[in-house]
Amino acid sequence: MKIKSNDLFAQVKKQHETTLSTAFKSGNPEEIAQAMTAFFDGMNEAVLQRAAEEIDARNQDATILAARGANVLTAAENEYYNGLAKALKSADPRAAVANYEVAMPQTVIDRVIGTIRKNHPLLDKLNFVSTAYMTRILVNAKPAQLAAWGKITSAVQKEIEGGVQEIALTMCKLSAFMAISMDLVELGPEWMDTYARETLSEAIACALEYGVVAGTGADEPIGMIRNVAPGTAVTDGAYPEQTPVKITRLDAKTMGSLMAKLARDPNDPENKTGRAIDPRDIILVFNPFDYWEKVFAATTLLVGGQYMTNVLPIPAEIFQSAALAKGEAVIGIAPYYFIGIGPAGKQGTIVPDDSVKFLEDQRAYKAKLQGNGRPLDHYAFLLLDVSELEAIVSTIVEVAGTVATKEQA
């Protein structure tokens, strides 16, 4: 069945989303290769179909192309893709691509990140930045408390310095594989760009979601569920998981208790000051099975014959992630998780690769990126044990002018 043009790329991504996520979580090279091959074939067909519609209509106006998925490229982007196409068409494409040292323009990476943020709401909630060719970045770990009144004493200086962290971006290398067909090359730079952006964004997003939620920190981001407290024993770069906080309900008392834990000041070991938190910055992440088996019922209200879903005592947002094991969940302050992604060095970003065989397809290339991700402090996220979370359905009823809540197990 031919996919409709209007939601072409979104439908292909949705079709392969679960398979890709499961494959990345497994870490099995063969499973990843098979999932990526199916995804590449789907995206290749989608791009070719979209391009065929444009060519058949003989409507090459830049504004219409942009509206229908093909970006109007900058001079640098045109130069990059035309040079890459020339290399791919050469007698020895692998050698030509390996020697093609024009870096993928930062504008392409920016649009890839934009696509990720648009299509993956969980990643969009985090402190997600494009780092270009930076190797280190300074971040503020105490956004609400960085300024201080009074004379510049050693104590004030220490307090301010405690809110700033330096994060190395070169510690983690992210390789996103692509299979580039000659049919795509022949379409021209606009459609090569469309294919590169759409495939890169989905591949990167799947890898990033696992990393930011559960990554060990060993050559990958440090996940939200990891213990990053000072003095924590780190083995070969891997951080241990937090000791989970067990909860059985998502009621006001439980949520208030969890918020109090997040409000602790990481620079105050005696917990006398605390920090202000905007509840709208709070996220709750559940395994999909737990969400539908327990959380859905626990956060659904029947009001006047109409159901309201994802209702919590605070305006937090609920997300699902296969990166979590069943029975695990995470609550945390979304802006307090930093992700930085950019091209790897000043050499060409797309390079040939022989390490992964995509079934019988030998057109394997990879896009080299670098970056890092980690919680900004050890109180920003909490690992939860929701294995005994109660699935309670609440009904709001009005009796004699007063409102009451009835709970059903």
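Colleague: Before we turn to charges, in which helix is Leu 48 found?

Modeller: Leu 48 is found in helix α2, which covers residues 29-57; helices (H or I, at least four residues) and strands (E, at least two) are DSSP runs, numbered from the N terminus. Please keep in mind that this is a predicted model, in which local features need pLDDT of at least 70 and side-chain atom pairs count only at pLDDT 80 or more, while totals for chains, interfaces and linings use all residues. Residues are numbered from 1 along each chain as its sequence is written, and side-chain values use heavy atoms, with hydrogens and water left out.

Colleague: Is Leu 48 buried, exposed or partly exposed, and which residues does Leu 48 touch?

Modeller: Buried means under 20% relative accessible area, exposed means over 50%, and partly exposed lies in between (1.4 Å probe, protein chains only). Leu 48, at 26% relative accessibility, counts as partly exposed. Contact means heavy atoms within 4.5 Å, and, with residues up to four places away in sequence not counted, Leu 48 touches Asp 183, Leu 184 and Leu 187. The C-alpha atoms of Leu 48 and Leu 184 are separated by 7.1 Å, although these residues are 136 residues apart along the chain.

Colleague: How many salt bridges does a search of the whole structure find?

Modeller: Side chains of opposite charge can pair when their charged atoms come close. A salt bridge is a side-chain nitrogen of Lys or Arg within 4 Å of a carboxyl oxygen of Asp or Glu, and the search of the whole structure finds 9 salt bridges. One of them joins Arg 111 to Glu 77, with the closest N and O atoms 3.0 Å apart. Arg 111 lies in helix α6 (residues 106-119) and Glu 77 in helix α4 (residues 75-89), so this pair ties together parts that are 34 residues apart in sequence.

Colleague: Which residues are linked with Arg 111 in a network of salt bridges?

Modeller: The network links Glu 77, Arg 111 and Asp 193. Arg 111 and Asp 193 meet through their side chains at 3.4 Å, N to O; because Asp 193 lies in helix α10 (residues 189-214) and Arg 111 in helix α6, the pair ties together parts that are 82 residues apart in sequence. Glu 77 is buried, with a relative accessible area of 0%, and Asp 193 is likewise buried at 0% relative accessibility, whereas Arg 111 is partly exposed at 22%.

Colleague: Which side chain of opposite charge is nearest to Asp 385?

Modeller: Lys and Arg count as positive and Asp and Glu as negative, while His and the chain ends are not counted. The nearest side chain of opposite charge is Lys 246, which is 4.5 Å away, and Asp 385 is buried yet has no salt bridge. Asp 385 has its place in strand β14 (residues 381-385), and its contacts, leaving aside neighbours within four places in sequence, include Pro 244, Lys 246 and Gly 327.

Colleague: In what order do the strands of the open sheet stand?

Modeller: Two strands pair if DSSP finds at least two bridges between them. The open sheet consists of 5 strands in the order β5-β14-β10-β6-β9, with mixed pairing. β5 (245-246) and β9 (317-320) stand at the edges with a single partner strand each, so one side of each is left without a neighbour in the sheet. Strands β6 (residues 282-286) and β10 (residues 328-333) run antiparallel and are joined by 5 bridges, and the bridge partner of Val 285 in β10 is Val 330.
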